[in-house]
Amino acid sequence: MTAATTLALDIGGTKIAAGLVDADGTLTWSANKPTPRGGDPEAVWNVVAQLISAVADRDIAGVGIAAAGPVDLPSGTVSPINISAWSKFPLRDRVATALPGVPVQMAGDGVCMALGEHWRGAGRGSAFMLGMVISTGIGGGLVLDGKPYVGRTGNAGHVGHVVVEPGGPLCSCGARGCVEAIAAGPRMAQWAHELGWDAPPSAGARELAEAARGGEGVALRAFQRAADAVAAMIASVGAVCDLDLAVVGGGVAGAGDVLFDPLREALAGYARLDFLTGMQVVPATLGASAGLIGAAALLRA
């Protein structure tokens, strides 16, 4: 369908955002509230309901939801790792009940980020792309042949858990050597501190990037190590999915050339097959709006 005005919801562990997106992908209004902590599932839902109520007087043609995962699209439920109160929470049905008669589509937040960048951001013109966010964790989504690819349960594109170092650091998922365990912002800062980075214990990825831009040796090594891990993952996913583009966003990507220069250099070494040599890596351009715009794009099909 082509929606005149779509309500987009982007539900994460830190904040819950809502936006109105018009037919050409322009975000015309947005608001967000902090995600409640604790174990009360209705407290989290009440925040979503308040944001929906804020636009209840608008003529909404559809609702798109970007949800932190894991998600279960067949049942419409979500069990976000970073929202402990929700386990198999029936998010799609609750939103549909709040807006009777309005079609509701849902996908994982990584898929929506990729779809937003594909529609209105750095991925325009790409038919086969990976969108990914490098921040506290690493998430991602795939757009294949111009369409979002969600997989069997809705969780395709969890590229943060591609193993790039067998037997490597323990990941939050319980496996070892995932790219997230090496290249997520807190993991980069932890590794740098362990190697003697002269910064306060509270210093994180932002401070690490500043130190790297200033030529600090350990900080530069931390970004080189992270870039190598991300490049290995992109090359692997690119080979499996025949990609032409990877769009990288998130706080760590804000480091700019400190990340992207070694990333592109490492990728050139890993992506040696002829069909991968033209694959590009570019920074995301939509920032925090990507998830909302991508959620709205779910209603375009």
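## S126 and its loop

S126 sits in the loop that runs between α3 and β8 (128-134). This is a predicted model. Is S126 buried or exposed? Its relative accessibility is 8%, so S126 counts as buried, the cut-off being under 20%.

The side chain of S126 has two polar partners to look at. One is the side chain of D244, in polar contact at 2.5 Å. The other is the backbone nitrogen of F128, which lies 3.5 Å from a polar atom of the S126 side chain. Now leave aside the neighbours within four places in sequence. S126 is then in contact with H118, D244 and L245. D244 therefore appears twice: in the contact list of S126, and as a polar partner of the S126 side chain.

## H118 in helix α3

H118 is found in helix α3. With 17% relative accessibility, H118 counts as buried, since the cut-off is under 20%.

Which residues does H118 touch, once those up to four places away in sequence are not counted? They are G123, R124, S126, M129, V143 and G146. S126 is on this list, and H118 is among the contacts of S126.

## Two domains and their interface

The domain assignment splits the chain into two domains. Domain 1 is built from two stretches, 6-113 and 289-298. Domain 2 covers 125-284. Their centres, taken over C-alpha atoms, are separated by 26 Å.

How many residues of each domain are in contact with the other? Eight residues of domain 1 meet 16 residues of domain 2. Together the domains bury about 810 Å² between them. Of that area, 69% is on carbon and sulfur atoms. The rule finds zero salt bridges across this interface. It does find two residue pairs in polar contact, both at pLDDT 80 or more. On the domain 1 side, β5 (71-72) and α3 are the elements that give two or more residues. The largest share comes from α3, with three residues. By class, this side has six nonpolar residues, one polar and one charged.

## Helix α9

Helix α9 spans residues 290-297. How many of its eight residues are buried? Eight of the eight are, so the helix is largely enclosed by the rest of the structure. The buried residues are A290, G291, L292, I293, G294, A295, A296 and A297.

What do these residues pack against? Four strands are on the list: β1 (5-11), β2 (15-22), β3 (27-34) and β4 (62-67). Helix α3 (109-120) is there too. Helix α3 has thus come up in three places: as a packing partner of α9, as the home of H118, and as the element with the largest share of the domain 1 side of the interface.

One general point helps when you look at any such helix. An α-helix has 3.6 residues a turn, so residues three or four places apart point the same way.

## The salt bridge

How many salt bridges does a search of the whole structure find? It finds one. The side chains of R94 and E42 form it, at 2.9 Å from N to O. R94 lies in helix α2 (residues 91-98) and E42 in helix α1 (residues 41-53), so the pair ties together parts that are 52 residues apart in sequence.

Are these two residues buried, exposed or in between? R94 is partly exposed, with a relative accessible area of 25%. E42 is also partly exposed, at 33%.

Key
Residues are numbered from 1 along each chain as its sequence is written. This is a predicted model: local features need pLDDT of at least 70, side-chain atom pairs count only at pLDDT 80 or more; totals for chains, interfaces and linings use all residues. Side-chain values use heavy atoms; hydrogens and water are left out. Buried means under 20% relative accessible area, exposed over 50%, partly exposed in between (1.4 Å probe, protein chains only). Contact means heavy atoms within 4.5 Å. Domain bounds come from an automatic or database domain assignment. Buried area is the accessible area (1.4 Å probe) that two parts lose on being put together, summed over both. A salt bridge is a side-chain nitrogen of Lys or Arg within 4 Å of a carboxyl oxygen of Asp or Glu. A polar contact is a pair of N or O atoms within 3.5 Å; within protein, one must be able to donate a hydrogen and the other to accept it, and residues adjacent in sequence count only if both atoms are side-chain atoms. Ala, Val, Leu, Ile, Met, Phe, Trp, Tyr, Cys and Pro count as nonpolar, Asp, Glu, Lys and Arg as charged, and the others, Gly among them, as polar.
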